[in-house]
Amino acid sequence: MNPLPRGTRRKYDLKVVSSGHRFPMGLARSREGELFVTDNQGNYNPFNELNHVCKGAHFGFINANEKEQGYKPPRYDKPTIDIPHPWTRSVNGICFLDTPQALRDKTGKDAFGPLEGHLIGCEYDTRQLIRMTLQKVGDTFQGAAYPLSIPPDNVEDGLLGPIVCAVSPRGELYVGNIRDSGWGAGNNVGDIVQIKIEPEKLPCGIAEVQATHDGFTLDFFRPVDRSKAADPASYSLASYRRESTPAYGGPNLDRRIEKLAGVEVAPDGKRVTLKLTDLREGFVYEFQLKPLVRGKEPFHPAEAHYTLNRIP
């Protein structure tokens, strides 16, 4: 949207930047100025999605009017992150955990520790927050999604229905919730919740997954038990894909249980490198880990979902 010269009847000139969005509820701009938008599973969207917005991009969705006119998309841009459904059902508002500059100048540090720069996603239906990390390979963005909040035993004691989020000038995360009678049933109610993230209190768990030319690296919030981390049996890894079609959603295709060709644990216990014999571009890699800690220490998150658009 660009301002027009004085004297022009319209104040702004509207131009299409990207198309093929089905239900783009969440917008967030990174510190580097890159714009990302969420979308929900449905027709032409086999997953919930995080998309990188760039001029001319088309993300697959064709609306009813376009179908009647025989519209053929000029291109199809794959999502930055395919967020599995029904693990999530509607990821809506998003925000980057970026420390406000004034707060960083005052404290001399990042407010979010190892979560700095990560994305928070509001998952309405299952009343949880998810987290996402990005990796840029060439000019392609891709990355992983993880659980963030831990659901209580009684769902009514948890978040009402996260739908928007933002970081305050004090470095606190605010989440806006609704529970709407026309969307998910329940009373028409809402609230705003303040969440203070204390990096020093994060449990041991997966901090970030990144792709390599022959596998993946897994970074952890705290050192893991190196003997457990070195055991290939501690990792369950599978890959699959879905196709964009006019049907609602879509099944997992070409699912394969991955066999590890090697496991390397860093001396400090905070990184594990998993080597695979054959990576597949365009597939989602699903990680499920056994607790890599001693005794009954908490281990969260123990799962990750990485979208491999391009092999580094």
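Is R310 buried, partly exposed or exposed? In this predicted model, R310 turns out to be partly exposed, because its relative accessible area is 35%, which falls between the 20% and 50% cut-offs. Let's start our walk there and see who R310 meets.

The partner is D139: the two side chains come together in a salt bridge, with 3.4 Å from N to O. R310 sits in the segment after β23, while D139 belongs to the loop between β11 (128-137) and β12, so this pair ties together parts that are 171 residues apart in sequence. D139 itself counts as exposed, with a relative accessible area of 63%.

That's one bridge, but a search of the whole structure turns up 18 salt bridges. Take E198 and K201, whose side chains meet at 3.3 Å, N to O. Here E198 is partly exposed at 32% relative accessible area, whereas K201 is exposed at 58%. Another pair is R241 and E243, with 3.0 Å from N to O. R241 is partly exposed at 22%, and so is E243, at 40%. Salt bridges can also link up into a network, as R31, D98, R104, D110 and E116 do.

Now for the nonpolar side of things. The largest nonpolar core has 28 residues, and V209, F216, Y285 and F287 are the ones that touch the most other members. Several strands give two or more residues to this core, including β12 (140-147), β16 (206-212), β17 (215-220) and β18 (235-241). The largest share, four residues, comes from β22. Want to get a feel for how one member is surrounded? Look at V209: setting aside neighbours within four places in sequence, V209 is in contact with residues including T133, A144, Y146, F216, F287 and Y306. Apart from this core lies another one, of 15 residues, with F112, I120, V175 and F221 among them.

Let's finish back at an arginine, this time R29 in strand β4 (residues 27-29). R29 is exposed, because its relative accessible area of 56% is over the 50% cut-off. Exposed or not, R29 has company: beyond residues up to four places away in sequence, R29 touches E34, L35 and F96. F96 is a nice one to find in the 3D view, since R29 and F96 are 67 residues apart in sequence and yet 7.5 Å apart in space, C-alpha to C-alpha. The side chain of R29 also has a polar atom lying 3.1 Å from the backbone oxygen of G33.

Conventions: Residues numbered from 1 in each chain as written. Predicted model: local features only at pLDDT ≥ 70, side-chain atom pairs only at ≥ 80, totals over all residues. Heavy atoms only, no water. Buried < 20%, exposed > 50% of the residue type's maximum accessible area, 1.4 Å probe, protein only. Contact = heavy atoms within 4.5 Å. Polar contact = N/O pair within 3.5 Å; in protein donor to acceptor, adjacent residues only side chain to side chain. Core = buried A, V, L, I, M, F, W, Y, C linked by side-chain atoms within 4.5 Å. Salt bridge = Lys/Arg side-chain N within 4 Å of Asp/Glu carboxyl O.
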